[in-house]
Amino acid sequence: MKDDELLQNLITDLRRGTLVLAVLCLAKEARYGYSLLQDMENQGIRIEANTLYPLLRRLETQELLKSEWDVSESRPRKYYILSGRGESLLVKLKEEWRCLSQQMSKFVSEEGGNSNESFN
């Protein structure tokens, strides 16, 4: 595997969990898939539609999101919003993100790797 390809795979792995967090944060208000896609792109988060839609279905299956169809317009849209369970877990995920990002910031700094702090 070439270095460029390996790097892309590693970046994809890093981004995977952050996409879940971003979607849950944005789903505090009801949004349909394409509007989520646009909002994420507007905030500098690149995500493909073929990544977002399966993620939305998975989060709905996990009962972190709930959905409802709006058929009042000519084109029906499925809107997603955080469920009660999603709201509760989002609070915990955001706290974990804050801790992890602080730890990683120290770790990847020029002095990185010299810390005795653990991830857990």
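Here is a chat about the helices, salt bridges and a few single residues of a predicted model.

User: Hi! Before we start, what kind of model is this?

Analyst: Hi! It is a predicted model.

User: Good to know. Let's begin with helix H1. Which residues does H1 cover?

Analyst: Helix H1 covers residues 3–26.

User: How far apart are the ends of H1, and what span should we expect?

Analyst: At 1.5 Å a residue, the 24 residues of H1 should span 34 Å. The end C-alpha atoms of H1 are 34 Å apart, so the two values agree.

User: Where is the kink in H1 centred?

Analyst: The kink is centred on Arg-16, and the angle there is about 30°.

User: Cool. Which residues of H1 are buried?

Analyst: The buried ones are Leu-19, Val-20, Leu-21, Ala-22, Val-23, Leu-24 and Leu-26.

User: And what covers those buried residues of H1?

Analyst: Quite a list! The cover includes strands S1 (31–32), S2 (65–70) and S3 (77–82). It also includes helices H2 (33–42), H3 (49–61) and H4 (84–108).

User: I noticed Cys-25 is missing from your buried list. Why is Cys-25 counted as partly exposed?

Analyst: Cys-25, which lies in H1, has a relative accessibility of 28%, so it counts as partly exposed. For a residue to be called buried, the value has to be under 20%.

User: What does Cys-25 contact, leaving aside its neighbours within four places in sequence?

Analyst: Cys-25 is in contact with Leu-90 and Lys-94.

User: How far is Cys-25 from Leu-14?

Analyst: Their C-alpha atoms are 18 Å apart in space, and the two residues are 11 apart in sequence.

User: Let's go to the surface. Which residues make the nonpolar patch?

Analyst: Met-1, Leu-6 and Leu-10 make the nonpolar surface patch, with an area of about 320 Å². Leu-6 lies in H1, and Leu-6 is partly exposed at a relative accessible area of 38%.

User: New topic: salt bridges. How many are there?

Analyst: The count comes to five salt bridges. As background, side chains of opposite charge can pair when their charged atoms come close.

User: Can you walk me through a few? What does Asp-39 pair with?

Analyst: Asp-39 forms a salt bridge with Arg-31, and the closest N and O atoms are 2.6 Å apart.

User: Are those two buried or partly exposed?

Analyst: One of each! Arg-31 counts as buried at 18% relative accessibility, while Asp-39 counts as partly exposed at 21%. The cut-off for buried is under 20%.

User: Nice. What about Arg-85, which residue does its side chain meet in a salt bridge?

Analyst: The side chain of Arg-85 meets that of Glu-63, at 3.5 Å from N to O. Arg-85 lies in helix H4 and Glu-63 in the loop between H3 and S2, so this pair ties together parts that are 22 residues apart in sequence. Arg-85 is partly exposed, at 47% relative accessibility.

User: What's unusual about the phi of Glu-63?

Analyst: Glu-63 has a positive phi of about 65°, although Glu-63 is not a glycine.

User: And which glycine has a positive phi just after H2?

Analyst: That is Gly-44, with a phi of about 85°.

User: Since you mention H2, which of its residues are buried, and what covers them?

Analyst: In H2, the buried residues are Gly-33, Ser-35, Leu-36, Leu-37 and Met-40. Their cover includes H1, S1, H3 and S3.

User: Back to salt bridges for a second. Where do Glu-95 and Arg-98 lie?

Analyst: Both lie in helix H4, three residues apart, which is about one turn of the helix. Their side chains meet in a salt bridge at 3.5 Å, N to O. Glu-95 is partly exposed at 42% relative accessibility, and for Arg-98 the value is 42%, also partly exposed.

User: Last one: is Ser-83 buried or exposed?

Analyst: Ser-83 is buried, with a relative accessible area of 9%. Ser-83 sits in the loop between S3 and H4. Not counting residues up to four places away in sequence, Ser-83 touches Glu-63, Leu-64, Leu-65 and Lys-66.

User: Thanks, that helps a lot!

Note on methods:
Residues numbered from 1 in each chain as written. Predicted model: local features only at pLDDT ≥ 70, side-chain atom pairs only at ≥ 80, totals over all residues. Heavy atoms only, no water. Patch = residues over 30% accessible without salt bridge, like charges linked within 9 Å, V, L, I, M, F, W, Y side chains within 5 Å. Areas by Shrake-Rupley, 256 points an atom, 1.4 Å probe, with all protein chains shown as cover. Salt bridge = Lys/Arg side-chain N within 4 Å of Asp/Glu carboxyl O. Helix = DSSP H or I, 4+ residues; strand = E, 2+ residues; numbered from the N terminus. Buried < 20%, exposed > 50% of the residue type's maximum accessible area, 1.4 Å probe, protein only. Expected span 1.5 Å × (residues − 1). Bend = angle between axes of the 7 residues up to and from the residue. Contact = heavy atoms within 4.5 Å.
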